[in-house]
Amino acid sequence: MILKKRYILIVALIAVLMLIEAAPAMAQRISTTAQVIDCGQVLFRKPVTVHFELLNEGVGTVNIKSVDTSCGCTEVNYPKGVISANKPFVVSATYDAKLMGHFEKYIDIYTSGASLPFTLTMRGVVVEEIHDYEGEYPFMIGKIKADRNEVMFDDVRKGENPVEEIHILNTTSDIVTPVIMHLPEYMRADVSPSSIPPGRSGVVYLTLDSKRMGDYGLKQASVYLGLKAGEKVSADKEIDVSAILIPSFGVVTDQQLLYSPKVKLSDTVLDLGSFEGKKKKKGTIVIENLGRTDLEISNLQLFTPGLTIDLSATVIPPGESAKLKVTAEKKSLKDVRKQPRILMITNDPRNPKVMVDVNIK
């Protein structure tokens with residue numbers, strides 16, 4: 001009985017010691033609102049400094065044991081003493097800008113209680129002269145001017161990662177750190193520079209990951225441009241984003257084209273005229289297969305509400321045709337701002353994407 005009690009006591013003591021040893025690792029948690037800072041354009045041989053704002057979110061104290069950089073061109077300043085729990089602190093990094101062109105520098109922060117470093121990144125481009133965007137900013141997105149308020153990724157094939165740019169101008173009296181909110185999972189946003197002073201311009205880069213888009217056809221989303229992280233979304237900050245994923249046929253030989261399907265439409269613009277007091281207007285597009293194998297329409301989508309469509313056949317044999325019936329509803333189209341359109345995805349290697357514009361007054 002005494003031996004059993006001693007055994008239980010020893011096991012409990014070992015468990016306590018293990019918990020004490022593991023406590024710093026469990027308690028420590030470093031976080032930051034900006035793990036990557038983009039400096040934008042940096043003048044040649046003019047060192048640039050960025051300030052990373054971090055927070056010790058752990059329940060215990062922490063200290064920075066060491067800091068490593070990806071090259072000797074970057075100097076880092078950081079707190080040398082103990083950092084209390086829930087206390088913010090700053091790590092500053094300075095790049096010497098002695099090389100022209102794009103740069104991306106990494107700062108690895110090793111803290112007590114953590115086996116892996118916390119990595120920060122500063123990036124930008126070194127130039128001889130800073131050039132701001134000289135075009136116009138006809139759109140107001142929240143409190144920021146922009147050269148566009150909608151983005152279209154057209155004719156994207158699986159595996160591609162196209163990038164679209166939105167040029168922005170800070171019209172406020174404060175430094176802003178723009179952020180794109182409500183991004184879909186197949187898209188990434190970067191803003192350069194990360195901080196934009198009053199009256200200065202920047203660029204929003206939207207990158208599409210086509211591998212994560214799923215089925216072929218149209219994807220639409222609304223993203224929002226905020227002045228800083230955590231800002232609430234609102235209609236005046238909205239940016240419409242569309243992407244069309246089409247099949248990739250690779251290299252198609254003349255022989256393969258000879259025996260492939262070939263789509264032909266009676267018209268790519270369906271003019272329905274005016275409602276003239278009617279609630280609905282109807283029209284028809286005839287789709288022909290002029291090829292030698294079956295024409296398959298794998299996807300049929302609408303860009304806007306207000307239209308209903310009915311396709312008589314999704315597989316059209318050689319020499320035959322199908323009818324696409326289109327109905328426009330006056331009530332639903334009343335508040336539509338975009339051009340009503342119909343998208344078809346086909347297996348015709350010449351025309352995997354077919355668009356029909358619908359005109360209605």
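**Entry 1. Naming the elements**

I take strands as DSSP runs of E of at least two residues, numbered from the N terminus. On that basis I place Pro193 in the loop between β14 and β15. I note that the model is predicted.

**Entry 2. Confidence**

I looked up the pLDDT before going further. The average over the chain is 91, and 92% of the residues score at least 70. By element, I find the lowest mean, 47, in helix α1, residues 2-27. The highest mean, 98, belongs to strand β23, residues 315-316. Over residues 11-27 the pLDDT stays under 50. For that stretch I find five contacts beyond four places in sequence. Where pLDDT is low, the predicted coordinates should not be read in detail, so I leave the details of that stretch alone.

**Entry 3. The largest pocket**

I noted a volume of about 1,400 Å³ for the largest pocket. Its lining has 48 residues, and those closest to the pocket centre are Asp38, Val191, Pro193, Ser194 and Ser195. I sorted the lining by residue class and have 23 nonpolar, 17 polar and eight charged.

Which strand gives the largest share of the lining? I find that β2 does, with seven residues. Strands that each supply at least two lining residues include β2 (36-43), β3 (48-56), β7 (101-111) and β8 (118-127). I add β13 (179-181), β14 (187-192) and β15 (201-208), which also each supply at least two.

**Entry 4. The loop between β14 and β15**

I went back to Pro193, one of the residues closest to the pocket centre. The peptide bond between Ser192 and Pro193 is cis, with omega at about -5°. Most peptide bonds are trans, which is why I logged this one.

I then took Ser194, in the loop between β14 and β15. Is Ser194 buried or exposed? I count Ser194 as buried because its relative accessibility is 16%, and the limit for buried is under 20%.

Beyond four places in sequence, Ser194 touches Val36, Ile37 and Asp38, and also Val176, Thr177 and Pro178. A polar atom of the Ser194 side chain lies 2.6 Å from the backbone nitrogen of Asp38. I also checked Ser194 against Cys39: they are 155 residues apart in sequence, with 6.4 Å between the C-alpha atoms.

**Entry 5. Arg123 and Asp38**

I followed Asp38 to Arg123, which lies in strand β8. The side chains of Arg123 and Asp38 make a polar contact at 3.5 Å. Beyond four places in sequence, I list Val36, Ile37, Asp38, Cys39 and Gly40 among the contacts of Arg123. Phe103, Glu104 and Asp190 are also in contact with Arg123. I took one C-alpha separation here: Arg123 and Tyr106, 17 residues apart along the chain, are at 8.8 Å.

**Entry 6. Ser201**

I place Ser201 in strand β15. Ser201 has a relative accessible area of 12% and is therefore buried, the cut-off being under 20%. With which side chain does that of Ser201 make a polar contact? I find the side chain of Asp132, at 3.3 Å. Asp132 also appears in the contacts of Ser201 beyond four places in sequence, together with Tyr133, Tyr137, Ile168, Leu169, Pro193 and Ile196.

**Entry 7. Positive phi**

Most residues other than glycine have a negative phi, so I noted the exceptions I came across. Arg45 has a phi near 65°, and I place Arg45 in the loop between β2 and β3. I call Arg45 exposed because its relative accessible area is 54%, with exposed meaning over 50%. Asn86 has a phi near 60°. I find Asn86 in the loop between β5 (74-77) and β6 (88-95). Asn86 is at 58% relative accessibility and so counts as exposed.

**Entry 8. Val252**

I ended with Val252, in the loop between β17 (238-246) and α2 (254-258). Its relative accessibility is 28%, so I count Val252 as partly exposed, the class between under 20% and over 50%. Leaving out residues up to four places away in sequence, Val252 touches Leu257 and Pro349. I also looked up Val252 and Gly306: they are 54 residues apart in sequence, and their C-alpha atoms are 38 Å apart.

Key
Residues numbered from 1 in each chain as written. Predicted model: local features only at pLDDT ≥ 70, side-chain atom pairs only at ≥ 80, totals over all residues. Heavy atoms only, no water. 1 Å grid on protein atoms, 1.4 Å probe; cavity = no way out; pocket = protein on both sides within 12 Å on 5 of 7 lines; lining within 4 Å. Points joined across faces, edges and corners; volume = space filled by probe spheres on them. Helix = DSSP H or I, 4+ residues; strand = E, 2+ residues; numbered from the N terminus. Nonpolar A, V, L, I, M, F, W, Y, C, P; charged D, E, K, R; others polar. pLDDT = per-residue confidence, 0-100. Contact = heavy atoms within 4.5 Å. Polar contact = N/O pair within 3.5 Å; in protein donor to acceptor, adjacent residues only side chain to side chain. Buried < 20%, exposed > 50% of the residue type's maximum accessible area, 1.4 Å probe, protein only.
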